[in-house]
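Here are my notes on this model. Read them with the structure open, and check each point as you go.

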Amino acid sequence: MSGLKFAKENNIRLSIKNTGHDYIGRSNGQGSLALWTHNLKDIFFFHYKSAAYTGPAMKAGAGVQFFEAYKAAADHGLRVVGGYCPTVGMVGGFVQSGGHGPLGASYGMAADNTLEFEVVTVDGRHLVASRTQNADLYWALSGGGGGNYAIVLSLTTKAHPDGPTAGAALSFTNSNPNRYWAAIGAYHSRMVQWNYIPGLATSWGFDNSGFSLDVATLTDGTQADLEGVLRPFLQDLMQLNITVHGYHTSQNKSFYDHYTAYSFPPEVYQPNSTLGGRLIPASTVRRNLTGLLSAYKKIVTDPAYPRMRVSGISLNVTHERVGNKPGSNAVLPAWRDALYTANFAIGLDPTASPSELQAVQAKVNEWQALFTPLTPGGGGYMNEATFDDPTWKLDYFGENYDRLLKIKKKFDPEFVLWQHTSVGTDVYWELAPDGRLCRVN
């Protein structure tokens, strides 16, 4: 509260930062006073009871990261929905912008699991936002964008009984382009079928030299179950005369054991990069797989970026799978039709010049635009997208934007909180070249 008061009294730009895992840059601002929530690490488990949900829950401080949350939950015989990267914060922009991860195909988006938020509003009120208290703020915080409506101190989220989790990984190389792209197409077709399997999520990627299934996650399934799921795809590869490398499957007694066996260590993540992406519905794969693969070929064969890699996370978060209704939270509606979320990033040298940064940004936006005509009415995951997408309101918020703007005006009428491509960005302030925020005339 002291930081809020100081910033307002001294006309200083304000930002909220937890871990800083934000490609759009919403957690920083030139010359801003940063409210750092990273050290709010309390974790508490209890039995939650309400009209909407009764069962185990976890209350996590705003600084809790996934490697901490997953371990704590496992110690209590539970699972909580989080992401793939161990060092991402659970309570910040991740859940507030939707939040996907390896348990999404079992329990939905992170925002689908929220029960309460403990917040401080910009006028200094300490509130709880839930389905019954400050319900409009709760709705907005559950998927409507991070750090934009109030300062979140803690999250109470559903916790789920733990159990066995099966995993798998494999890879193959591009030794023959025609066969290789046929295999990429076959993988897409198999994903459409796998989408109907409860609890199955996959993380994968490819460039022009090879494809890798980094991890398949099947909750409450056996190793034999997962091998049965993958067998038809392995037969596809055999018929294409493609050699599979590193194929292995496993079964662990808990989700946390599975996660630690397959999780990427933090150091593999490029700290300086520009990321773009698009949600790809199953209808695109069914009706225009040729066009989709053509877009990917254009990206991974771009001569300026010869090692460009496309990554994907497939998971079923339809309302039917999750058990909620349209409009129950502010998650972008396009997520409910998505077969997977795709992204592509260009790494940057920390000493890159402004002109180099602008060229990279333009290139990623160019690639991102390839998918707009292929996914009509779709969108992108705002946590893994560009800050200057010209249609960001539609792509990142969809039909929720107008309702979110009303909530923004209610809880932050002077727009004290401001970030790129966040609801209300262009209403009250504009960003000056030196980083200052200036009133919109």
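1. **Overall size.** This is a predicted model, so keep that in mind throughout. The protein has 441 residues, and a compact globule with that many would have a radius of gyration near 22 Å. The protein comes out at 21 Å, which agrees. Along its principal axes, the C-alpha trace spans about 70 × 55 × 35 Å.

2. **Burial and contacts.** How much of the protein is buried? Buried residues make up 58% of the 441 residues. Next, take the contacts with a separation of 6 or more. Of these, 70% are between residues 24 or more positions apart.

3. **Secondary structure.** Count the elements before you look at any one of them. The protein has 14 helices and 18 strands.

4. **A five-stranded sheet.** In what order do the strands of the open sheet lie? The order is β3-β4-β8-β6-β7, and the pairing is antiparallel. The edge strands are β3, residues 43–49, and β7, residues 126–130. Each of these two pairs on one side only. From one strand to the next, the twist averages 25 degrees. As background, strands of a sheet pair through backbone hydrogen bonds, either parallel or antiparallel.

5. **The β3 and β4 pair.** Start at one edge of the sheet. A hairpin of four residues connects β3 to β4. The two strands run antiparallel and are joined by seven bridges. To check the register, find F44, which stands opposite K59 in β4.

6. **The β6 and β8 pair.** Here strand β6 covers residues 114–120 and strand β8 covers residues 151–158. They run antiparallel, with six bridges between them. Which residue of β8 stands opposite T114? It is T157.

7. **A helix across the sheet.** Helix α2, residues 66–75, lies across β3 and β4. Its direction makes an angle of about 60 degrees with β3.

8. **α2 against α8.** Helix α2 also packs with helix α8, residues 255–262. Their axes are 9 Å apart, at an angle of about 145 degrees. From α2, the contact uses F67, Y70, K71 and A74. From α8, it uses F255, Y256 and Y259. By class, that gives six nonpolar residues, one charged and no polar.

9. **α6 against α9.** Helix α6 spans residues 177–194, and helix α9 spans residues 282–300. Their axes come within 10 Å and cross at roughly 145 degrees. The crossing is right-handed. On the α6 side, the contact residues are W181, I184, G185, H188, S189 and V192. On the α9 side, they are A282, V285, R286, L289, L292, L293, Y296, K297 and V300. The contact of α6 with α9 has ten nonpolar, three polar and two charged residues.

10. **N113.** This residue lies in the loop between α4 (104–107) and β6. Is N113 buried or exposed? N113 has 1% relative accessibility, so it counts as buried, the cut-off being under 20%. Leaving out residues up to four places away in sequence, N113 touches V81, Y107, G108, T156, T157, K158 and H160. N113 and V322 are 209 residues apart in sequence, yet their C-alpha atoms are 9.4 Å apart in space.

11. **N252.** This residue is in strand β13, residues 245–252. N252 has a relative accessible area of 19%, so it is buried, given that buried means under 20%. Apart from neighbours within four places in sequence, N252 is in contact with P164, T165, D257, H258 and A261.

12. **Two positive phi angles.** Which residues should you look up here? One is D220, a residue other than glycine with a positive phi near 55 degrees. D220 lies in the loop between β12 (210–219) and α7 (223–239). Another is F415, also not a glycine, with a positive phi of about 55 degrees. F415 lies in the loop between α13 (401–411) and α14 (425–428). F415 is buried, with a relative accessible area of 3%.

Notes:
Residues numbered from 1 in each chain as written. Predicted model: local features only at pLDDT ≥ 70, side-chain atom pairs only at ≥ 80, totals over all residues. Heavy atoms only, no water. Pairing = 2+ DSSP bridges. Axes fitted to C-alpha atoms, helices over the stretch in contact; angles between N-to-C directions. Contact = heavy atoms within 4.5 Å. Left-handed = near helix turned anticlockwise from the far one by under 90°. Nonpolar A, V, L, I, M, F, W, Y, C, P; charged D, E, K, R; others polar. Buried < 20%, exposed > 50% of the residue type's maximum accessible area, 1.4 Å probe, protein only. Rg over C-alpha atoms; globule rule 2.2 N^0.38 Å.
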